[in-house]
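These are my notebook entries on a structure that I had not examined before. I set down in order what I looked up and what I found.

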Amino acid sequence: MTQRSGTERGFFLDLSARAKLRVTGADRFRFLNGQITNDLRKASEAVAVEACVLNAKGKLNAHIFIAALGESLLIDAEPELRETLRVRLERYVIADDVQIEDVTDEFSFFHVLTEQLPAPDSRRIVSARRFAATGWDIWSNPPRHDAVHDELASGFLFVDSAAAEVMRIEQGLPRWGRELTDNIIPIEANLEGRTIDYEKGCYIGQEVISRIKMSGQTNKRLCGLISLNDTRLQPGMKLLAPSASGKEAGWITSATRNERLDKEIALGYVKRGFNNPATKLDALSSDAAEAIPVEVVSLPFL
């Protein structure tokens, strides 16, 4: 791998802790395509497709990436979905020739953010847009984890989990357990363009998604928020209309400090009627004496 320096170097993250499921069987493609919001035909051994798994009400059960691997399909998701995602998928396996296996411990993988394909070798390389930019998943066996890490470090800058979280918030990307929960519809989280294919066949929750597309409206939307007095924002803070009534307008899901903007920023769900850019709101925690003035901004922040 060629050594690079400064801004020419890309970045890499360790995503080995993500949950991984292998789907096999003669009916694997038809079955899984009927469970996800995106078109599985977009996935291959070289390209991972981003998708959501929904319940019948159109709300999230999982946010996933899928790629082909030989005679199987390999799914990865946030670690906390390791058990629940497998159970959710198996619930709909009726007379299908489909087997779903937890293979979390059989693979480690890194994600490299760079335009150019990393130098290929014996490892598996899959294109995936995980951070709203061109990126590559580098899959390997767990015994090779440290060796692969060291090799990537010779050409790219390592991003630890704390720095990755800041980067995620700056780009306005939702994450399971924060912005993504079983009470959220994908469109509300701005996942429509990345995870929903309106031309594909039927899937669980499709009716609700199609209805929202036709109406063009959602009850709430994931937005960016900036603290106007540079006071730190925190997840869980309520968003209120800055008026005598103090009508509840939403809540904050993630927060950090943006060093380039030199501002305290956050992601949060803001209700319809309050989520236009430049709208002023108050953020208030349960134990705060005073509200923090915030402004709604478009995503991403940078």
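Entry 1: a salt bridge between distant parts of the chain.
I began with the side chains of Arg175 and Glu78, which meet in a salt bridge at 3.8 Å, N to O. The model is a predicted one, and I treat each value below as computed from it. I then asked where the two partners lie: Arg175 is in the loop between α4 (161-170) and α5 (192-195), and Glu78 is in the loop between β5 and α2, so the pair ties together parts that are 97 residues apart in sequence. I looked up accessibility next. Arg175 has a relative accessible area of 30% and is partly exposed. Glu78 is buried, because its value of 16% falls under the 20% limit.

Entry 2: the network around this pair.
Which residues are linked with Arg175 and Glu78 in a network of salt bridges? I noted Arg18, Asp76, Arg130, Asp137, Glu165, Arg168 and Glu179 as the other members. My search of the whole structure returned 27 salt bridges.

Entry 3: two further salt bridges.
I turned to Arg260 and Glu170, whose side chains form a salt bridge at 3.6 Å, N to O. Arg260 belongs to the loop between β13 (248-258) and β14 (263-271) and Glu170 to helix α4, so this pair ties together parts that are 90 residues apart in sequence. Are the partners buried or exposed? Arg260 is exposed, with a relative accessible area of 68%, whereas Glu170 counts as buried at 8%.
I also recorded the salt bridge between Asp262 and Arg257, at 2.6 Å, N to O. Both partners are partly exposed: Asp262 has a relative accessible area of 48% and Arg257 has 22%.

Entry 4: backbone details.
Asp262 drew my attention again, as it has a positive phi of about 55° although it is not a glycine. I located Asp262 in the loop between β13 and β14. Ala278, also not a glycine, has a positive phi of about 80°. I placed Ala278 in the loop between β14 and β15 (280-284), and its relative accessible area of 43% makes it partly exposed.
I then checked for a cis peptide bond and found one joining Leu299 and Pro300, with omega about 0°. Pro300 is in the segment after β16 (292-297).

Entry 5: the sheet and its helix.
In what order do the strands of the open five-stranded sheet run? I read the order as β3-β4-β5-β2-β6, with antiparallel pairing. The edge strands, each paired on one side only, are β3 (49-54) and β6 (99-102). I noted an average twist of 30° from one strand to the next. Helix α2 (residues 82-90) packs on this sheet and touches β2 (19-24), β3, β4, β5 and β6; its direction makes about 25° with that of β2.
I looked at one pairing in detail. Strands β4 (residues 60-69) and β5 (residues 72-77) run antiparallel and are joined by six bridges. In this pairing, Ala68 stands opposite Leu73 in β5.

Entry 6: pocket and cavity.
I looked up the open space next. The largest pocket holds about 610 Å³. Its lining counts 25 residues, and the closest to the centre are Leu15, Arg18, Glu78, Phe131 and Arg175. Arg175 and Glu78, the pair of my opening entry, are thus found here again. Which element gives the most to this lining? Helix α4 does, with four residues; β1 (10-14), β4 and α4 each supply at least two.
I found one cavity of 30 Å³ or more, and the volume of the largest cavity is about 40 Å³. Its lining consists of Ala48, Ile66, Ala67, Leu74, Asp76, Arg124, Arg130, Asp137 and Trp139. The elements that give two or more residues to this lining are β4, β5 and β9 (135-140). Asp76, Arg130 and Asp137 appear in my network entry as well.

Entry 7: a buried leucine.
Last, I examined Leu191, which lies in the loop between α4 and α5. At 0% relative accessibility, Leu191 counts as buried. What does Leu191 touch, leaving aside residues up to four places away in sequence? I listed Glu50, Cys52, His63, Pro174, Leu180, Pro186 and Ile196. I also noted that the C-alpha atoms of Leu191 and Leu173, 18 residues apart along the chain, are separated by 8.8 Å.

Terms used:
Residues are numbered from 1 along each chain as its sequence is written. This is a predicted model: local features need pLDDT of at least 70, side-chain atom pairs count only at pLDDT 80 or more; totals for chains, interfaces and linings use all residues. Side-chain values use heavy atoms; hydrogens and water are left out. Two strands pair if DSSP finds at least two bridges between them. Axes are lines fitted to C-alpha atoms, for helices over the stretch in contact, and angles run from 0 to 180 degrees between N-to-C directions. Contact means heavy atoms within 4.5 Å. A salt bridge is a side-chain nitrogen of Lys or Arg within 4 Å of a carboxyl oxygen of Asp or Glu. Buried means under 20% relative accessible area, exposed over 50%, partly exposed in between (1.4 Å probe, protein chains only). On a 1 Å grid over the protein atoms alone, a cavity is a set of points where a 1.4 Å probe fits but cannot get out, and a pocket is an open set with protein on both sides within 12 Å along at least five of seven lines; lining residues have an atom within 4 Å of a point. Grid points are joined across faces, edges and corners, and a volume is the space filled by probe spheres set on the points.
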